[in-house]
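Work through these three exercises with the model open. Each one gives a task, then a solution in steps.

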Amino acid sequence: MKKENNTKANLIKSMAVPASAMMVLSGASAVILANDDVNLAPVIEEPAPVESVIPDGPIGEPVESSAEITVPEETETYNSQESEASAAAEEDVPTEGEQPADQQKEETPDEAGQTPDVTPEPDPVTVPDAAVNTAPTDAAAPAPETTVQKTETTAAAAPAVNAKAETPAVDKEQEEEAYREQYHFSNEKGWSNDPNGMVYYNGEWHLFFQYYPDGVNHGPMSWGHAVSKDLVHWAELDIPDTFNAALFPSEDGTRRHFSGSAVYDKDNTSGFFKDGQGGLVAVWTVAGRPAGMSGGGSQRQAIAYSTDGIHWVEPDLGYDRVYIDRDGNIHELTEKQKDYYKNVVLSEYNVPLAVRDAEGNIIGTTSQDPLNNSAFRDPKVFWHEDSKQWIMAVAGGPLRFYSSPDLKTWTAQAMQDDIITECPELYYLPVEGTDEYKYVLSEGGRWYQIGDFKEVDGVWTFVPDTMNGPTGDVPLRLNMNYAPDAYAAQSFYKEDGRVVMVQWMSNWSYADNSTIRQPDGSRVTLEGIRKMLGEKHNGQFTLMADLSVVRTPEGLRLKQTPVAEYDQMKNLEVKDDITLDDKSNPLEGIHSQQFQLELEFEPEKGTEKVVLEVLKNADYQTTIWYDVNTGILHVDRSKSMAADQAPADHMQNGTWFKFLEDYTAPVPMINGKVKLKIFVDNYSVEVYANNDTIVLTELVFPYKDADLLNLYAVGTPVKTTYSFATMDSYRQTNTDMRNLSATLADARDQLERGQGNYTDDSFKALQDAYTAAFAAAFNPDSTQNSINLARYALSSALTNLEQKADKPSVDVPDKPSQNVPGSSITITPSKPVTVTDIHTSEVKPVVSDTAATAKAAAKTPTAAATGFGMTLTTALGALAGAMFANRKRREQN
């Protein structure tokens with residue numbers, strides 16, 4: 001049946017309840033997915049104007065909490081939007097007797113005036129054709145099996161008070177928990193950034209991540225740890241000792257734990273596990289230096305193994321290494337330095353393998369990094385079935401590949417220094433609808449290239465697909481995310497081929513506070529998002545996404561689909577087919593900062609734009625809108641908050657960066673339609689479009705009263721289908737409104753069909769019950785009991801619709817009162833009330849929690865029978881009393 005917009009708009013408007021009666025559902029992050037197919041203009045080295053407006057400089061560029069950055073008047077650097085190669089700059093580690101620096105971070109910027117480390121390093125002494133490494137095969141004993149208590153994450157609910165538009169987004173009393181992701185994973189306390197060591201093992205998803213638990217700034221990096229059975233409900237565990245920076249004695253140097261990966265060595269290729277059994281092996285970057293060393297590189301790849309994912313052992317691999325100082329002198333390692341390097345499989349260029357003669361004299365060295373570049377981090381390891389060996393992608397600056405039969409001895413493969421990135425990963429993904437597979441290279445989650453991985457001139461090499469560019473064939477390099485707040489993508493290692501990816505949801509331009517040196521020499525301290533998040537936590541992660549490749553009119557594209565496991569978090573749902581115009585808002589009456597919205601619309605000739613405003617109050621909103629004429633999708637946070645409350649605008653890496661900005665992506669219509677999916681979770685917004693091949697992820701920091709939604713079209717009206725759902729929290733107890741959703745949908749369908757031959761009284765009763773139930777669904781005072789009452793009253797109204805020709809019975813025999821479905825108590829109001837009394841009346845119900853009291857209450861006239869055992873007036877009265885009691889209780893607290 002065709003549903004005209006005007007009739008429905010009037011209906012919804014007539015049933016809208018005041019904002020004071022609505023629930024503020026915590027959460028403000030949003031994600032949008034669009035169109036089932038794609039027609040996307042490719043992104044090349046010089047993007048066309050329709051491409052993302054993200055500047056090259058700041059995305060992924062680190063900013064040291066206490067460091068100074070010089071911004072020269074004319075800066076000449078490589079494209080570092082998605083890379084962190086500036087961390088490659090030399091950084092002396094204190095020698096014995098010196099105090100180590102407070103912070104050494106993976107994302108440390110260069111000293112003032114330096115460009116990223118791409119210049120040749122001093123050549124070490126080498127012996128031609130020497131083996132890369134020859135590690136002994138003896139293995140340490142397996143890790144002991146120990147029981148560790150998992151602690152489920154819990155947090156206090158966000159404050160229910162509203163902030164006025166002219167006040168800061170968070171005041172001092174609220175700042176600790178004013179913003180907290182509810183269905184995205186975020187660490188309970190402290191700082192987090194890159195996801196690490198992700199692996200599926202023994203029925204659990206293990207998510208490690210860059211972690212500093214002692215502050216909300218970037219600090220000495222450890223690995224945080226969380227586990228989940230379903231990718232949605234997470235429990236945080238303690239930092240494993242192996243990955244805990246705080247446990248390394250400062251007098252012995254510095255030992256930080258940067259990004260890395262973990263694999264399931266099911267066939268025990270490493271020899272670390274019992275015969276016939278496998279286990280986990282982690283490969284990660286150990287950063288810093290042992291005491292007594294300075295200069296040169298400070299990043300190397302180490303391994304550890306585990307049989308439970310919680311307790312880890314660092315094996316002594318027995319490599320023979322030496323140290324080359326700044327003057328080129330070769331030194332034997334001390335015993336403590338040997339212990340520091342015992343589990344290192346690939347060392348930095350100035351700590352090479354020793355080559356000795358028969359008497360043990362050093363006659364040369366072999367560098368394990370053919371590029372001799374100090375930017376040497378973020379190893380991602382996977383099993384390569386074609387060559388039956390392990391492959392490692394590692395970068396931090398230039399991309400390198402290595403191979404290994406056993407995860408201990410690694411041989412250099414392609415050194416692809418034309419690709420500059422960090423956090424590299426090579427996905428092996430199916431092309432949907434075919435038997436074909438393709439390799440996809442992720443460049444830190446900012447860009448990607450599709451191609452092949454094969455032997456070229458005897459070494460395994462990533463060979464990207466190309467396109468015809470201005471100067472000939474060039475690699476086809478595409479945006480992995482068109483908005484700024486997604487970085488350091490990594491996927492879980494899982495044997496069955498399912499590839500699930502997640503990213504750190506933030507940006508180095510404002511994740512931490514920074515001191516910036518301006519071109520004139522002045523210094524400015526910039527406040528980042530810490531001033532909004534407060535002093536309890538600083539770190540959150542994007543939605544988990546299944547990866548695949550799809551064929552589109554423009555060629556192959558990476559598809560990122562939020563995992564189906566999130567469907568279980570949908571709670572209250574509202575769906576409809578409408579004709580959208582600029583005169584009504586079909587989402588009026590919905591108040592939420594924690595939801596998912598799927599939207600499909602079919603623009604007509606003359607339609608100019610389709611607009612969705614979220615996280616909206618009287619003065620501010622985040623606007624998601626589609627320009628029909630240009631085919632550009634906008635996710636605009638430029639008016640999401642007051643300018644003086646947002647992170648400061650600043651120059652970084654030669655680019656001017658603004659937080660309050662409009663980010664865009666090309667989204668061509670498919671068969672005349674646009675399809676979007678939008679996820680909002682307290683302070684994040686994620687958008688997926690074109691069959692999930694276009695993604696935009698943004699942090700926004702809405703005021704607590706910014707919980708409205710507004711959907712409209714400009715120009716010719718548009719046929720639109722939408723599906724709205726509040727999303728449950730994995731952190732807090734949720735009120736189940738799924739049954740109420742179904743009853744609301746039934747009632748809405750009946751109301752949209754009109755009164756017809758129903759009596760005025762019964763139809764008015766249905767309208768009142770619908771209004772009351774809708775209000776209860778979006779009211780902060782609602783409990784499970786009041787939601788059950790609302791559904792009960794609405795079901796009663798539907799059942800008791802009367803035809804005008806019918807003659808209602810005068811004498812209705814009393815029946816015993818029945819409990820409200822889902823409730824263990826019987827509620828009877830002290831007097832009948834109307835729906836308008838729900839938020840104004842002080843009528844209090846009699847609440848019966850014993851059989852005797854319930855039996856006595858059943859004899860009262862107000863307990864007269866309906867089809868459900870309670871009159872509509874009784875149900876509404878009970879709802880009113882429950883809401884009143886809940887409101888009073890919250891006010892007293």
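**Exercise 1.** Find which residues of α6 are buried (under 20% relative accessible area, 1.4 Å probe, protein chains only).

*Solution.* Start with Asn785, Ser786, Ile787, Asn788, Leu789 and Ala790. Then add Tyr792, Ala793, Leu794, Ser795, Ser796 and Ala797. That makes 12 of 16 residues buried, so α6 is largely enclosed by the rest of the structure. Next, check the length: α6 (residues 784-799) reaches 22 Å from its first C-alpha to its last, close to the 22 Å expected at 1.5 Å a residue. The expected span is 1.5 Å times one less than the number of residues.

This is a predicted model: local features need pLDDT of at least 70, side-chain atom pairs count only at pLDDT 80 or more, and totals for chains, interfaces and linings use all residues. Residues are numbered from 1 along each chain as its sequence is written, and side-chain values use heavy atoms, without hydrogens or water.

**Exercise 2.** State the strand order of the open sheet of 4 strands.

*Solution.* The order is β16-β17-β18-β19, with antiparallel pairing (two strands pair if DSSP finds at least two bridges between them). β16 (377-384) and β19 (411-420) are the edge strands, each pairing on one side only. Now look at β18 (residues 398-404): 5 bridges join β18 to β19. In one of the bridges, Ser403 partners Thr411 of β19.

**Exercise 3.** Decide whether Thr697 is buried or exposed.

*Solution.* First locate Thr697 in strand β44 (residues 694-699). Its relative accessibility is 1%, so Thr697 counts as buried. Finally, find its partner: the side chains of Thr697 and Asn481 make a polar contact at 3.0 Å. Such a contact is a pair of N or O atoms within 3.5 Å; within protein, one must be able to donate a hydrogen and the other to accept it, and residues adjacent in sequence count only if both atoms are side-chain atoms.

Definitions and conventions:
Buried < 20%, exposed > 50% of the residue type's maximum accessible area, 1.4 Å probe, protein only.
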